[in-house]
Amino acid sequence: MAEADVRRDYLNLLGRIAGLEASRVIGVGAEALLIEGYLGGLHVVAKYRVPKVYRAEQLDARLRRSRTALEAKLLGHAAAAGVNVPHVIYVDAEEGLLVLTYIEGERMKELLQRGCEDAEKLAGEIGYMVGVLHNEGII
């Protein structure tokens with residue numbers, strides 16, 4: 001099956017699971033697909049942990065479930081600590097699905113590549129947030 005067909009199948013699956021109206025695939029990583037879309041009119045990003053056919057089915061289900069639940073928990077903990085993170089909108093740990101608020105703006109990588117004037121200030125803010133995460137035992 002072509003990669004485009006696989007992505008379309010996953011987008012359709014997310015629509016059935018959570019009612020997500022997918023707009024586009026933002027990224028494909030080793031563990032998950034990141035999909036921009038809308039859920040109940042809210043602009044969101046869905047992170048879907050894709051099943052791994054090379055892993056034993058029970059192990060794969062357990063890893064996807066535990067990693068999804070842990071990520072949702074840690075995002076909530078980070079937000080409570082004052083770190084600017086997306087809000088968790090929906091979690092389906094059994095399906096490996098995490099839906100978060102979409103954060104508008106450019107990625108730091110893009111800002112640095114185009115030579116942003118405020119790069120030093122932004123790096124300082126990121127460093128501060130990383131320090132908060134570290135102090136909270138998140139990273």
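## Briefing: a five-strand sheet and helix α4

Just after helix α4, G137 takes a positive phi of about 75°. That is a handy place to start a tour of this structure, which is a predicted model. Two parts get the attention here: an open sheet of five strands, and helix α4, which covers residues 119-135.

**Helix α4: length and faces**

- With 17 residues at 1.5 Å a residue, α4 should span 24 Å, and its end C-alpha atoms are indeed 24 Å apart, so the expected and modelled values agree.
- A119, V132 and L133 are the buried residues of α4, where buried means under 20% relative accessible area.
- Looking down the axis of α4, you will find these buried residues within an arc of 145°, so they line one face of the helix.
- As general background, an α-helix has 3.6 residues a turn, so residues three or four places apart point the same way.
- The other side of α4 holds exposed residues, namely E120, K121, Y128, H134 and N135.
- The packing partners of the buried residues of α4 are α2 (57-80) and α3 (108-113).

**The sheet as a whole**

- The strands of the open sheet follow the order β1-β2-β3-β5-β4, and their pairing is antiparallel.
- At the edges stand β1 (21-28) and β4 (88-92); each has a single partner strand, so one side of each is left without a neighbour in the sheet.
- On average, neighbouring strands of this sheet are turned by 20° against each other, with direction ignored.
- In general terms, strands of a sheet pair through backbone hydrogen bonds, either parallel or antiparallel.

**Strand β3 and its two neighbours**

- Strand β3 runs over residues 42-49, and seven of its eight residues are buried, so the strand is largely enclosed by the rest of the structure.
- Strand β2 (residues 32-39) is antiparallel to β3 and is joined to it by eight bridges.
- If you would like to trace this pairing in the viewer, G37 has V44 of β3 as its bridge partner, and E36 has V45 of β3.
- The hairpin of β2 and β3 has two residues between the strands, and G40 takes a positive phi near 60° there.
- Strand β5 (residues 97-101) is also antiparallel to β3, with five bridges joining the two.
- For this second pairing, A46 has V99 of β5 as its bridge partner.

Methods. Residues numbered from 1 in each chain as written. Predicted model: local features only at pLDDT ≥ 70, side-chain atom pairs only at ≥ 80, totals over all residues. Heavy atoms only, no water. Helix = DSSP H or I, 4+ residues; strand = E, 2+ residues; numbered from the N terminus. Expected span 1.5 Å × (residues − 1). Buried < 20%, exposed > 50% of the residue type's maximum accessible area, 1.4 Å probe, protein only. Arc of directions from axis to C-beta. Contact = heavy atoms within 4.5 Å. Pairing = 2+ DSSP bridges. Axes fitted to C-alpha atoms, helices over the stretch in contact; angles between N-to-C directions.
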